[in-house]
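Biologist: Before I read anything into a model, I would like to know what lies behind each word used to describe it. Could we go through the terms one by one, setting each value against its cut-off?

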Amino acid sequence: FASLFYWKNLLLPHFLPILNVGKYLIFITNFSLSILLVNRWITQNYFPLSNLYESLVFLTWSITLIHLILEKRTKSLLIGCIGSPIEFFLLLFCFFLPIELQKPSPLVPSLQSNWLMMHVSTMMISYSMLLVGSLLSLFYLVFSFYQKRSSNFIQPSVERSFENKGEKIVLSQGTSTFLQTIDIWSYRIIGIGFPCLTIGIISGAVWANEAWGSYWSWDPKETWALITWLVFATYLHTRLLKNWKNEKSSLIGSIGFFVIWVCYLGVNFLAKGLHTYGWI
């Protein structure tokens, strides 16, 4: 429902009484997910990242937190328009999972390790950051494409904003400025998410050696984690050393958006491996 309010505020900005409803709904969602995670942590005596349901809840919690921080920093309702749909579908996915998978269960022996919190939480945080960053890259490509196809999509000199309790809320702004802002924030978020992914992969390798006697087994999840790392390493390399910006870097970032979903969900539905605990 937050998506509806965000898009309403963007398209019909003069209805001020429901201006912040979308943001409040995202905050309530984040707070509710926090309570759920803490409750599971306390009652089950392990960090709740042992199956698909718990990882989806944690991923949604991370994305909503990044959403709230990013919206506060940019003062742009477009962040909510971009981020809230994916948060909605993640929650919907959680809701329609089998009841057996939603129920907490004892950890299998291989997961009974202190590495569970270190490795899995770091990977999920990196996924959330890279998903948001790459989603901004994807939005940049789509927005710039339609802007080039239609000169009336958003007039370059137009900025729509208004004051709400002393705070300036930006609804839309000059095309070049807006695209530059999206590009910069995409780069910043990916720049934070990539080190988290690196730490997560390294900690996973150490844990794998402890649990299975091998640092790397070319398990489908490990292979796609490496592919994800290479995609975003290429993004940062071309951005920093080749000075690629705008459409070129956004194209690589957009590819990363789909690669992450394959790494996170795809391989668990299409392939069997060492990382299939608690999955369908």
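Modeller: What follows is a conversation about the words used for this predicted model and the values behind them.

Biologist: Let us begin with the overall build; which elements make up the protein chain, and in what order do they run?

Modeller: The secondary structure comes to 9 helices and 2 strands, and from the N terminus on the elements run α-α-α-α-α-α-β-β-α-α-α. Of the 280 residues of the chain, 49% count as buried, a word that stands for a relative accessible area under 20%.

Biologist: What makes Y46 buried or exposed, given that Y46 lies in a loop?

Modeller: The loop in question is the one between α2 and α3, and the relative accessibility of Y46 there is 9%. The cut-off for buried is under 20%, so Y46 counts as buried. Y46 and L111 are 65 residues apart in sequence, while their C-alpha atoms are 9.9 Å apart in space.

Biologist: And how do you know on which side of the cut-offs N45 falls?

Modeller: N45 lies in the loop between α2 (21-44) and α3, and its relative accessible area is 71%. Exposed means over 50%, and therefore N45 is called exposed. N45 also has a positive phi of about 65° although it is not a glycine.

Biologist: Which loop holds W218, and why is W218 called exposed?

Modeller: W218 is found in the loop between α7 and α8 (220-240). Its relative accessible area is 57%, and because the cut-off for exposed is over 50%, W218 is called exposed. The phi of W218 is near 55°, a positive value in a residue other than glycine.

Biologist: Turning to the aromatic rings, why is the pair of F139 and F143 called tilted?

Modeller: The structure holds 12 aromatic pairs. F139 and F143 form one with 5.7 Å centre to centre and 40° between the planes. The distance is within the 6.5 Å allowed for a pair, and the angle is neither under 30 degrees, as for stacked, nor over 60, as for edge-to-face, so the pair is tilted. The two residues are 4 residues apart in helix α6, which means that about one helical turn separates them. F143 has a relative accessible area of 7%, under the 20% cut-off, and is therefore buried.

Biologist: What makes the pair of F257 and F258 edge-to-face?

Modeller: Here the centres are 5.4 Å apart and the planes make an angle of 85°. An angle over 60 degrees counts as edge-to-face, and so this pair receives that name. F257 counts as buried at 10% relative accessibility, and ring pairs link F257 and F258 with Y127, W261 and Y264 into a cluster.

Biologist: How do you know that the charged end of R188 sits over the ring of W185?

Modeller: The charged end of R188 is 5.1 Å from the centre of that ring. The distance cut-off is 6 Å, and the charge must also lie within 35 degrees of the ring normal; the contact is listed as a charge over a ring, so both conditions are met.

Biologist: How many disulfides does a search of the whole structure find?

Modeller: The search finds 0 disulfides, so no pair of cysteine sulfur atoms comes within 2.5 Å. Among the cysteines, C94 is buried with a relative accessible area of 5%, and C196 is buried with 19%.

Biologist: Lastly, where is the empty space, and which residues are closest to the centre of the largest pocket?

Modeller: About 300 Å³ of space lies in the largest pocket, and of the 14 residues that line this pocket, the closest to its centre are I66, I69, M129, I189 and I192. α3 gives the most to the lining, with 7 residues, and by class the lining has 10 nonpolar, 2 polar and 2 charged residues.

Biologist: What about cavities, and how many of 30 Å³ or more are found?

Modeller: The search finds 3 of them. About 110 Å³ of space lies in the second largest cavity, and of its 13 lining residues, the closest to its centre are I79, I82, G83, V132 and L135. The largest share of that lining, 5 residues, comes from α4.

Conventions
Residues are numbered from 1 along each chain as its sequence is written. This is a predicted model: local features need pLDDT of at least 70, side-chain atom pairs count only at pLDDT 80 or more; totals for chains, interfaces and linings use all residues. Side-chain values use heavy atoms; hydrogens and water are left out. On a 1 Å grid over the protein atoms alone, a cavity is a set of points where a 1.4 Å probe fits but cannot get out, and a pocket is an open set with protein on both sides within 12 Å along at least five of seven lines; lining residues have an atom within 4 Å of a point. Grid points are joined across faces, edges and corners, and a volume is the space filled by probe spheres set on the points. Ala, Val, Leu, Ile, Met, Phe, Trp, Tyr, Cys and Pro count as nonpolar, Asp, Glu, Lys and Arg as charged, and the others, Gly among them, as polar. Rings of Phe, Tyr and Trp (its six-membered ring) pair if their centres lie within 6.5 Å; planes under 30 degrees apart count as stacked, over 60 as edge-to-face and the rest as tilted. Buried means under 20% relative accessible area, exposed over 50%, partly exposed in between (1.4 Å probe, protein chains only).
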